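Me: Could you take a close look at the ligand site for me, and then place it beside the main sheet? I'd like one connected walk through it.

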Amino acid sequence: MKKQILVAGGTGYIGSHTAVELQNNGFEVIIADNLSNSKIEVLDGIESITGIRPIFEKVDLSVIEETEAFFKKYPNLEAIIHFAANKAVGESVAKPLMYYRNNLNSLMNMLEAMKEHNIPNLVFSSSCTVYGQPDKLPVTESTPRKEAESPYGNTKSISEDIIRDTVKAHPNLNGIALRYFNPIGAHPSAKIGELPLGVPNNLIPFITQTVAGIRQELSVFGDDYNTPDGSCIRDYINVVDLAKAHVVAIERLLMNKQNSNYEYFNVGTGEGVSVLEIIEGFERSTGEKVPHKIVARRPGDVEQIYADTSFANKSLGWKSESTLDDTLLSAWKWQENLKKEEVK
Ligand code: UFG
């Protein structure tokens, strides 16, 4: 019998790519999502890539009654991958209570359910935001966490603490937090990808929508940083490579290969790339011009961050594989497949 994995937030950007990779690796995927920031049609994309339609339940996991009813219906889960969270940095500054309530309640509700129903394993979506602006680059897993720049970032840091403390108190539970750097790109089939609602906050969807003619021009937030070309530096990780890291983490948990029952890993490429280099890379790989202008810095942006991935490479046996150019091309192919009306 196939092992059942709950993908909470599985119709979202990273969740949908992870559902595909889990199914490709012989797992049975059950998606729970409240569809607050995703569309049910994502299931068609997953099905058309893998030939299998994942089981879907519309559930708000931040509501305890809904969570309990869900877990009663699915008593045979082996593990949970938890993506179901709000993720817009700016919105979290304006609506902190919404972020704390949603992101922390859903995690705590699921940890309660894990205890109650003997589900031993959790993989959690964390973020490099927990490092703030690090004093030393690249960041390793032992780089100290810093005070979060936003309520969103704080929910990631607090969530890591909640998992660490809970699995410590309940040694039959295991957790892995994956600290994502900047996930970008889309499935090479262009059947699933990132679908931001309204005006995108993130760089790549803003670029693809600009090139598609939906936005007029990209604003580059600052060229006066202390970096080689003056623009900010990030570690852009291909979303399919990132999805594969979740499969590896699940296998590590199922095979009891952890060094302790709480672990955390950097999931990035190890390469720092500037905003201007992303624009160049996009133009090179797609042959399209990216209209852009330099504007003032965006408040809250860290100057530069990129991962030391050697611990994840060695412990998980995972490595990012895609080239930046192929990843940028995949983002553009996905955009080209979308109808303009969908993103307006
Ligand atoms: N940028 C622009 N113009 C835009 C959008 C972004 O110049 O229109 C720049 C930003 O200033 C930054 C880079 O592109 O230098 C990447 O910005 P994103 O908004 O795409 O990503 P962030 O690095 O700000 O945010 C990401 C995740 C967050 C996470 C954060 C941690 O989206 O979830 O990393 O650093 F919290």
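Reply: Happy to! Let's start with the make-up of the shell around the ligand: nine of its residues are nonpolar, six are polar and three are charged. Keep in mind as we go that this is a predicted model. In total, 18 residues surround the ligand, and the closest are L203, S219, R234, R298 and D301. Strand β8, which spans residues 218-221, supplies the largest share of that shell, with four residues.

Now for the polar contacts. R234 offers an N or O atom of its side chain at 2.6 Å from an oxygen atom of the ligand. The backbone takes part too: a polar backbone atom of F221 lies 2.9 Å from a ligand oxygen, and one of N201 is 3.4 Å from an oxygen of the ligand. As for cover, the ligand on its own has 680 Å² of accessible area, and the protein covers 89% of that.

On to the sheet. It is open and made of seven parallel-paired strands, in the order β3-β2-β1-β4-β5-β6-β11. The edges belong to β3 (55-58) and β11 (262-267); each has a single partner strand, so one side of each has no neighbour in the sheet. From one strand to the next, the twist averages 20°.

One pairing is worth zooming in on. Strands β1 (residues 4-8) and β4 (residues 77-82) run parallel and are joined by five bridges. Within that pair, L6 stands opposite I80 of β4. In general, strands of a sheet pair through backbone hydrogen bonds, in either a parallel or an antiparallel way.

Notes. Residues are numbered from 1 along each chain as its sequence is written. This is a predicted model: local features need pLDDT of at least 70, side-chain atom pairs count only at pLDDT 80 or more; totals for chains, interfaces and linings use all residues. Side-chain values use heavy atoms; hydrogens and water are left out. A residue is near a molecule or strand if one of its heavy atoms lies within 4 Å of it. A polar contact is a pair of N or O atoms within 3.5 Å; within protein, one must be able to donate a hydrogen and the other to accept it, and residues adjacent in sequence count only if both atoms are side-chain atoms. Accessible areas come from the Shrake-Rupley method with a 1.4 Å probe; for residues, only the protein chains shown count as cover. Helices (H or I, at least four residues) and strands (E, at least two) are DSSP runs, numbered from the N terminus. Ala, Val, Leu, Ile, Met, Phe, Trp, Tyr, Cys and Pro count as nonpolar, Asp, Glu, Lys and Arg as charged, and the others, Gly among them, as polar. Two strands pair if DSSP finds at least two bridges between them. Axes are lines fitted to C-alpha atoms, for helices over the stretch in contact, and angles run from 0 to 180 degrees between N-to-C directions.
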